[in-house]
Amino acid sequence: MAGAPKGEGRRTRAEQRASTISLILDTAEDLFSQRGYFGVTIKDVADRMGIHPALIHYYYDGKQALFDAVFGRRVEYAVEVRTAGLDAYEAGAGDHPTVEGALRAYYDGAFDVYIRGDEGWRNFGRIFAQVNNAPGYGAEKMDLYFDPLVLRLIGLLQKALPDADPEDLFWSFQFTSGAYTLVLSRTGRIDRLSDGLCASDDFEAVRDRFVTFMAAGFDALYKRTASAPVRPKRAKVRRTKPAG
């Protein structure tokens, strides 16, 4: 028989600290998801919580640190899910991956997180969409957390379509990634356009259609390029760092 919980009715200082931090992050996550990084201040978060901003500054050295903490507490699990999906698919597909199979390995598990998760995860989805579409701080975060996974996916797609132009594969991923983050944004536009037939938060409906649609785009572009006359490759534009 289990004993009574220790300190029932009273929380330790560590528990109080953890609870406060969790509440700060939950509140900031909700606000960032609605207003974006630049639309939220430390004072906004404090006002929503009914506390003095100094308490938030005690835990986080400014808004950037707070945003990083909000993003960081979920992103590692998001990376784990996609890594596991790619690992399992590569092990099963061996040398014979397909475009649809590779895309499902990358995206299906990610959609499942939002299907099974609470509103906090869906708020994170909106923040993820903002980060994926933001220059500067956004690009840096995507480089850090997701570029290795994207390159693994591109490698699988190249193996599935060995004659594909790598340029086409990267552009196709760009289109797919943009559509994915639009879905995560849950703007409500499709609800209005469809007069309620579709709901922007219906991630199950999206998951059932997303990869099939995107895989067809990869395949169509591949076939178009394969049947087109050989075109001379455009010279790559070398990017140089600005002086000073």
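These are my notebook entries on the helix packing, the largest cavity and the largest pocket of this structure.

**Entry 1: what I am looking at**

I am working with a predicted model. I began with the helix pairs, then moved on to the empty space.

**Entry 2: helix 4 against helix 6**

I looked up how helix 4, residues 63-93, sits against helix 6, residues 119-132. The two pack at an angle of about 105 degrees, and their axes are 10 Å apart. Angles from 65 to 115 degrees count as roughly perpendicular, so that is the word for helix 4 and helix 6. I then listed who touches whom. Helix 4 brings F67, V70, F71, R74, V75, Y77 and A78 to the contact, while helix 6 answers with G120, W121, F124, I127, F128 and V131. Sorted by class, I get 11 nonpolar residues, 1 polar and 1 charged.

**Entry 3: helix 6 against helix 7**

Next I followed helix 6 to its contact with helix 7, residues 137-145. Here too the angle is about 105 degrees, with 7 Å between the axes. Helix 6 is therefore roughly perpendicular to helix 7. From helix 6 I noted F128, V131 and N132; from helix 7 I noted Y137, G138, A139, K141 and M142. The classes come out as 5 nonpolar, 2 polar and 1 charged. I underlined F128 and V131, since both residues were in my list for helix 4 with helix 6 and turn up again in the contact with helix 7.

**Entry 4: helix 8 against helix 9**

At what angle do helix 8 and helix 9 pack? I read about 130 degrees for helix 8 (residues 147-160) and helix 9, and an axis separation of 10 Å. Because that angle falls outside the ranges for parallel, antiparallel and perpendicular, the pair is oblique. I also noted that the crossing is right-handed. V150, L151, L153, I154, L157 and Q158 of helix 8 touch P166, L169, F170 and F173 of helix 9. I count 9 nonpolar and 1 polar residue in this contact, with no charged one.

**Entry 5: the cavity**

How many cavities of 30 Å³ or more are there? I found 1. About 70 Å³ of space lies in the largest cavity. Its lining is made of A78, V81, R82, A110, V113, Y114, W121, F128, F146 and Y180. Helix 4, helix 5 (99-116) and helix 6 each give two or more residues to that lining. By class, the lining has 9 nonpolar residues, 1 charged and no polar. I was pleased to meet A78, W121 and F128 here, as I had already written them down for the contact of helix 4 with helix 6.

**Entry 6: the pocket**

I turned to the largest pocket, which holds about 570 Å³ of space. It is lined by 20 residues, and V183, I190, C198, S200 and V206 lie nearest its centre. Two or more lining residues come from each of helix 9 (166-185), helix 10 (189-193) and helix 11 (203-227). Which of the elements gives the largest share of the lining? My note says helix 11, with 6 residues. The lining divides into 13 nonpolar, 3 polar and 4 charged residues.

**Entry 7: a last look at A69**

I closed with A69, a residue of helix 4. Setting aside neighbours within four places in sequence, I found A69 in contact with L25 and Y60. I also checked A28, which lies 41 residues from A69 along the chain. The C-alpha atoms of A69 and A28 are separated by 9.8 Å.

Technical notes: Residues are numbered from 1 along each chain as its sequence is written. This is a predicted model: local features need pLDDT of at least 70, side-chain atom pairs count only at pLDDT 80 or more; totals for chains, interfaces and linings use all residues. Side-chain values use heavy atoms; hydrogens and water are left out. On a 1 Å grid over the protein atoms alone, a cavity is a set of points where a 1.4 Å probe fits but cannot get out, and a pocket is an open set with protein on both sides within 12 Å along at least five of seven lines; lining residues have an atom within 4 Å of a point. Grid points are joined across faces, edges and corners, and a volume is the space filled by probe spheres set on the points. Helices (H or I, at least four residues) and strands (E, at least two) are DSSP runs, numbered from the N terminus. Ala, Val, Leu, Ile, Met, Phe, Trp, Tyr, Cys and Pro count as nonpolar, Asp, Glu, Lys and Arg as charged, and the others, Gly among them, as polar. Contact means heavy atoms within 4.5 Å. Axes are lines fitted to C-alpha atoms, for helices over the stretch in contact, and angles run from 0 to 180 degrees between N-to-C directions. Angles under 35 degrees count as roughly parallel, over 145 as roughly antiparallel, 65 to 115 as roughly perpendicular and the rest as oblique. A crossing is left-handed if the near helix is turned anticlockwise from the far one by less than a right angle, and right-handed if clockwise.
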